[in-house]
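Student: I would like a close look at one helix packing in this protein. Please take me through it step by step, then set it in its surroundings.

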Amino acid sequence: FPFPYTPYRIQVQFMEALYGVLEAGRVGIFESPTGTGKSLSLICGALSWLRDWEEKRRQEEARLLMLGAGGQDGLTSQQARPGSADTAGQPDWVTAFVQKKEERDIVDRLKEEQIRRKKREDRLEKIRHNVHLKYAAKRKRCKEDEAKRLLQLSKEALSQGAGQGALDQLDHNEEELILAEYESDDEKKVVSGLEEDDDDLEEEHVTKIYYCSRTHSQLSQFVREVQKSPFGKDTRLVTLGSRQNLCVNEDVQRLGALQLINDRCMEMQKNKHEKNNEENEGKKRRMSRTVCPFYSYEQMQFLCDEVLVEVKDIEQLVTLGRETKACPYYGSRLAIPAAQLVVLPYQMLLHEPTRSAAGIKLKDQVVIIDEAHNLIDTITCIHSAEVSGSQLCCAHSQLSQYMDRYRKRLKAKNLMYIKQILYLLEQFVAMLGGNVNQNPGCQAVSQPGTVLKSINDFLFQSQTDNINLFKVQRYCEKSLISRKLFGFVERYGGPDSAVKTNKENQKLAGLQNFLLTLQGSDKEGDAPMEAEHDQLRIASPLMQIEGFLSALTNANQDGRVILNRQGTVGQSSLKFLLLNPAVHFAKVVEECRAVIIAGGTMQPVADFREELLCCAGVDPARIVEFSCGHVIPPENILPIILCSGPSNQQLEFTYQTRDLPQMMDETGRILCNLCNVVPGGVVCFFPSYEYEKQVYGHWEKTGLLSRLAAKKKIFQEPKKANQVEQVLVEYAKCIKHCSQTGGQMTGALLLSVVGGKMSEGINFSDDLGRCVIMVGMPYPNIRSPELQEKMTWLDKTMPRAAGQAPSRVLIENLCMKAVNQSIGRAIRHQKDFASILLLDHRYTRPAIFNKLPQWIRERTQVKPAFGSAFAELRKVRTHLSYVL
């Protein structure tokens, strides 16, 4: 395997296992701890396989083309079979003719592919070596823009003084709010934008690797690794992202919310398409429709070629889009067929409508899902949806007044679907015990509580089972009704809207007042929403509701509807909960040649294997598991399971015992002792924010906190995400200062929360995390209705494993995944060292112990008493001080 430096032994093993899975077309679950060069192993292993695969394909093509060039003689080996007839009773000459035609078709197709590939390679090579060509299209576009600007100035000069004409133009602009005539199902094939312009030019997709990760920053980091790798110069790579990340049209970006950006972009495409049609047909345009200046096929093709010539991350792609006046969102999609490596967020790959819209074809391709430890949760979240009572009432009010205003202008199909949506909204609010015609913030709920229903029961009880939700969903998608409604509310719903005071518009005054009264009726969160986000949420509730309607089209057995009635109708909500994520993952594993699910901490893997892959129809024989150790020496990590504290208090942090004063005192004593011997930073994880706050308050009262503060400065994890960075900076600064100055203060203590902002994605390398402590076992709240329903569903559908109920396995797996993510924060590179303390005797149970990562499990010591554990920690400190 080509590698930028001499690889670790485990990296070679990783790449060999990865190559084998890709070659055999299997599904692999790969675990490689952070700090072991996982990204580089994935790149070099996968791209080595792809290079070899392409070489084999070329050789096979050459053989077939030679066979075809040989004419009749070249094909005789295929045809000259003894025997008189095939199974259908056909004579030899018929069979031979069919085989000959098939061979000829294959040869013709291969020739076409070769010509297409040669043209693409020549074009890219020309761009790579001719710097003048790079900027020719850019100069041409600048000239076009200047001509348009001068033309616009001329129009403005001519229209000066035409007051009445300007007023008419304002009225014409309202045409954009009117829904176009809608034809459903197969009445008309709807093709838009790029698909229609470029149908005949679409390239065949080459064999490629789709690499997915969680965030855009992780994707950028991966692309930088590719750039540094031996494959960085000759790999055709394209990075995909959302419009929110790739759009370079400032007017669209200003909308802020992703759904608004998406709808506005699609509308501008539609406007361009309609404008082209009108120009082609020679019709005079009745009104001015906004089109996107960056949506030019010629410029996007130029950007596409630039992307394929040189590996670029998402920031470089956006910069190139601005320079070339081309849309990076659509330009990058044009590059998908010819790309060898496509890098994208895994939400885009896992959601089928998004996947189709982006032009991603998975047939016979390879998918690598990195950072996949929470893959099941991600699929569940993507396909779940929640709407509040205030959103339902607000959407009903907006849509009613929209229909009243434009009733005479709307076609029958549009009116029919709008009435269906209004009826759905009325019935959904009624299920929450409210009335859409009254303010949801003033309607008290008579029977508060949480009720779970199957999809069929919910639709039957809400009397909406006679409505075809598939058709309603398609209507919302194709008509862009939420976008039209948002434009309507922008114009007439805001307090600053410039509405002319005529009789018709006075009717809309109620909409303004109603929207203002809804400002305070939504659920209050931990942190107040910013004003502009608040306004967007209120202005476009139908967008959120469309997601809920889409979720209701899932199969009855795969999900549940949760009716959460709290306080007022406005605070209550309807939530769709997906129970079976495998139904949405099945198509990925069915279509792909191979799928790799990779992460730094994948243990326990049973839920990936059983709940995701086997439920998706994957043959267990096709699943391969690979887990490698760490690159650090064995003596650089000391994992200890501590069963009791300094005063021999048994450590068992159950819901019943963890609140006891003696348990909180014992935890404090353990920390005091550790802070005396552990240098640098100590990170202590608690099961929840509430428990961390409770323990902190208790230590304040007993004086334990001041004893801790004498040795380590104490930091607490903030609840607000925007404060995390500041806390980490101060924490690191304090540790660095203490190590430089010496003295009584030896570093800092960070009190964190499992599943919080600092348990994932934050590296406590070197002095930032010399000891990681896990207080108790962070089991999820089993009183949660969602979790209870999931447990019930698993017990009904999954087999028992090793005598354990599937629901019990789920609870343990959720707990141990959270533990493994948190304790993996400490060791981040080959020369790092740290201690890990698990404070609870229950970690010694085999079912729990075996779910620790292998590289930690095989080095873990079980200490029944605190004295021997403390002695080990002192010994390690002495040894490491000597080594350093």
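Student: How are H28 and H34 oriented to each other: roughly parallel, roughly antiparallel, roughly perpendicular or oblique?

Tutor: Keep in mind that this is a predicted model. Two packed helices are described by the angle between their axes and the distance between the axes. Take the angle here. Helix H28 covers residues 606–614, and helix H34 covers residues 806–823. They pack at about 130°. Angles over 145 degrees would count as roughly antiparallel, and 65 to 115 as roughly perpendicular. The value for this pair falls in neither range, so H28 and H34 are oblique to each other. Now the distance: the two axes are 11 Å apart. The crossing of H28 and H34 is left-handed.

Next, the residues that meet. H28 brings Ala606, Asp607, Phe608 and Glu611. From H34 come Leu810, Asn813 and Lys817. Sorted by class, this contact has 3 nonpolar, 1 polar and 3 charged residues. An α-helix has 3.6 residues a turn, so residues three or four places apart point the same way.

Step back along the chain from H28. Pro604 sits in the loop that joins strand S10 (594–599) to H28. The peptide bond from Gln603 to Pro604 is cis, and its omega is near -10°.

Now the wider setting. The protein has 884 residues, and 52% of them are buried. Its secondary structure comes to 37 helices and 18 strands. Of the contacts with a separation of 6 or more, 81% are between residues 24 or more positions apart.

Two other helices allow a length check. H19 runs over residues 412–431. Its 20 residues should span 28 Å at 1.5 Å a residue, and the end C-alpha atoms are 29 Å apart, so the two values agree. Buried residues of H19 include Leu415, Ile418, Leu422, Leu425 and Val429. Polar names are on that list too, among them Asn414 and Gln427. After H19 comes Gly433, with a positive phi near 85°.

H29 spans residues 661–677. Here 17 residues should span 24 Å, and the end C-alpha atoms are 25 Å apart, which again agrees. H29 is mostly covered, with 12 of its 17 residues buried. Among them are Met663, Met664, Ile670, Leu671 and Leu674. Asp665 and Glu666 are buried as well.

Loops deserve a look too. Thr568 lies between strand S8 (559–565) and strand S9 (573–578). Its relative accessible area is 16%, under the 20% cut-off, so Thr568 is buried. Beyond its neighbours within four places in sequence, Thr568 is in contact with Pro440, Gly441, Gln443, Ala444 and Val445.

Two further loop residues have a positive phi without being glycine. Lys325, with phi of about 55°, is in the loop between helix H13 (314–324) and helix H14 (328–334). At 28% relative accessibility, Lys325 is partly exposed. Asp364 has phi near 65°. Its loop runs between helix H16 (352–357) and strand S5 (366–369). Asp364 is partly exposed, at 48% relative accessibility.

Back to your pair: H28 and H34 are oblique, and their crossing is left-handed.

Notes: Residues are numbered from 1 along each chain as its sequence is written. This is a predicted model: local features need pLDDT of at least 70, side-chain atom pairs count only at pLDDT 80 or more; totals for chains, interfaces and linings use all residues. Side-chain values use heavy atoms; hydrogens and water are left out. Axes are lines fitted to C-alpha atoms, for helices over the stretch in contact, and angles run from 0 to 180 degrees between N-to-C directions. Helices (H or I, at least four residues) and strands (E, at least two) are DSSP runs, numbered from the N terminus. Angles under 35 degrees count as roughly parallel, over 145 as roughly antiparallel, 65 to 115 as roughly perpendicular and the rest as oblique. A crossing is left-handed if the near helix is turned anticlockwise from the far one by less than a right angle, and right-handed if clockwise. Contact means heavy atoms within 4.5 Å. The expected span of a helix is 1.5 Å times one less than its number of residues. Buried means under 20% relative accessible area, exposed over 50%, partly exposed in between (1.4 Å probe, protein chains only).
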